[in-house]
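Trainee: I should like to learn how to read the features of a protein model, taking them one at a time. May we begin?

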Amino acid sequence: MIERFALAAQGVALRLRRWTGGRGRRGDFDERILDEIRLPVSPFGREVRERAEAVLPGWLLQHSLRAYVWGSLLARVEGVTCDAELFFAGCALHDLGLCPECANPAEVCFGLRGAEAAIEIVRTSGGSAAQAALVGDAIALHLNVRVGLQHGPEAHFLHAGTALDVIGARASALPPGVRAEVVRRHPRQEMKREFCQVLRREAGQAPDTRMGFYVGSLGFLERLAAAPFPE
């Protein structure tokens, strides 16, 4: 069973400061590197993507795909290797808890609801129990303020990729041309507006969760609106 995570001590100590893993490093690549970051085409990878496409609205699916690309790029900056298929599964499925199919129990953190749903999808898509647990743990952790490499590279870069896409954390680690090309390939589709609405709802119905704390006490929606993306 995935445990709940303490919020207050972590959040108050960090005040949602920009995540600083890999401080000072910046990729020296250009847009051509994106052609090397491909979505998995194995039966497992295709099944996971199809399951995600079946339930995620377009803007949230594109957010999930960008998280995979951002995380893969940041992994290259840090010189770390992920299991590409499991990392993709974590990125593709990390926001299942925001979908109507996984809306209950409403008072539970959507990261935990999504993690449970993702575990089932990984298992029924051909993954082992250990692989399903790895993906589920990465998803459950991704809403923490920090997720270190000690939790595994897949969890670490899922957190990094989603943080970059949502609040712009570590965006400066990637060249501007690369950032622009990622968004061109995976449009944001008014993500700031859509995500603010969804997260405000989640915080209202589950104020004791991580997102409830971030929105209610740490100005998370303002950070989201100020991210270095036009929408």
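**Reading a helix residue and its surroundings**

Mentor: Let us start with R113, which is placed in helix α5 (residues 110-124). Please keep in mind that the model is predicted.

Trainee: Is R113 buried or exposed?

Mentor: Burial is read from relative accessible area, and a residue under 20% is called buried. R113 has a relative accessibility of 6%, so R113 counts as buried.

Trainee: With which side chain does the side chain of R113 make a polar contact?

Mentor: The partner is the side chain of E202, at 3.2 Å. Setting aside neighbours within four places in sequence, the residues in contact with R113 include G97, C102, N104, P105, V108, E202 and Q205.

Trainee: E202 appears in both descriptions. With which residue does E202 meet in a salt bridge?

Mentor: The general idea is that side chains of opposite charge can pair when their charged atoms come close. Here the side chain of E202 forms a salt bridge with that of R201, with an N to O distance of 3.2 Å. E202 is buried, with a relative accessible area of 3%, whereas R201 is partly exposed at 41%.

**Salt bridges along and across the chain**

Trainee: How many salt bridges are there by this rule?

Mentor: The count comes to 14 salt bridges. One of them joins the side chains of D35 and R185, at 3.0 Å from N to O. D35 lies in the loop between α1 (8-14) and α2 (43-55), and R185 lies in helix α8 (residues 176-185), so this pair ties together parts that are 150 residues apart in sequence.

Trainee: How is the accessibility of these two residues described?

Mentor: D35 counts as partly exposed, at 41% relative accessibility, and R185 is partly exposed as well, with a relative accessible area of 34%. The pair also belongs to a network of salt bridges that links D35, E181, R184 and R185.

Trainee: Which residue forms a salt bridge with E47?

Mentor: R51 does, with the closest N and O atoms 3.7 Å apart. E47 and R51 are 4 residues apart in helix α2, and therefore about one helical turn separates them. E47 is partly exposed, with a relative accessible area of 27%; R51 is partly exposed too, at 28%.

**A loop residue**

Trainee: Where is A173 found?

Mentor: A173 is in the loop between α7 (153-167) and α8. At 5% relative accessibility, A173 counts as buried.

Trainee: What does A173 touch, apart from residues up to four places away in sequence?

Mentor: A173 touches R25, R26, G27, L74 and V77. Sequence separation and distance in space should be read together: A173 and L74 are 99 residues apart in sequence, and their C-alpha atoms are 7.6 Å apart in space.

**A pocket and its lining**

Trainee: What is the volume of the second largest pocket?

Mentor: Rolling a probe the size of a water molecule over the atoms shows where empty space is left. The second largest pocket has a volume of about 200 Å³. Of its 14 lining residues, Y68, S72, R76, C82 and A84 are the closest to its centre.

Trainee: Which helix gives the most to the lining of the second largest pocket?

Mentor: That is α3, with 5 residues. Both α3 (58-78) and α4 (84-93) supply at least two residues each. By character, the lining divides into 7 nonpolar, 3 polar and 4 charged residues.

Definitions and conventions: Residues are numbered from 1 along each chain as its sequence is written. This is a predicted model: local features need pLDDT of at least 70, side-chain atom pairs count only at pLDDT 80 or more; totals for chains, interfaces and linings use all residues. Side-chain values use heavy atoms; hydrogens and water are left out. On a 1 Å grid over the protein atoms alone, a cavity is a set of points where a 1.4 Å probe fits but cannot get out, and a pocket is an open set with protein on both sides within 12 Å along at least five of seven lines; lining residues have an atom within 4 Å of a point. Grid points are joined across faces, edges and corners, and a volume is the space filled by probe spheres set on the points. Ala, Val, Leu, Ile, Met, Phe, Trp, Tyr, Cys and Pro count as nonpolar, Asp, Glu, Lys and Arg as charged, and the others, Gly among them, as polar. A salt bridge is a side-chain nitrogen of Lys or Arg within 4 Å of a carboxyl oxygen of Asp or Glu. Buried means under 20% relative accessible area, exposed over 50%, partly exposed in between (1.4 Å probe, protein chains only). A polar contact is a pair of N or O atoms within 3.5 Å; within protein, one must be able to donate a hydrogen and the other to accept it, and residues adjacent in sequence count only if both atoms are side-chain atoms. Contact means heavy atoms within 4.5 Å.
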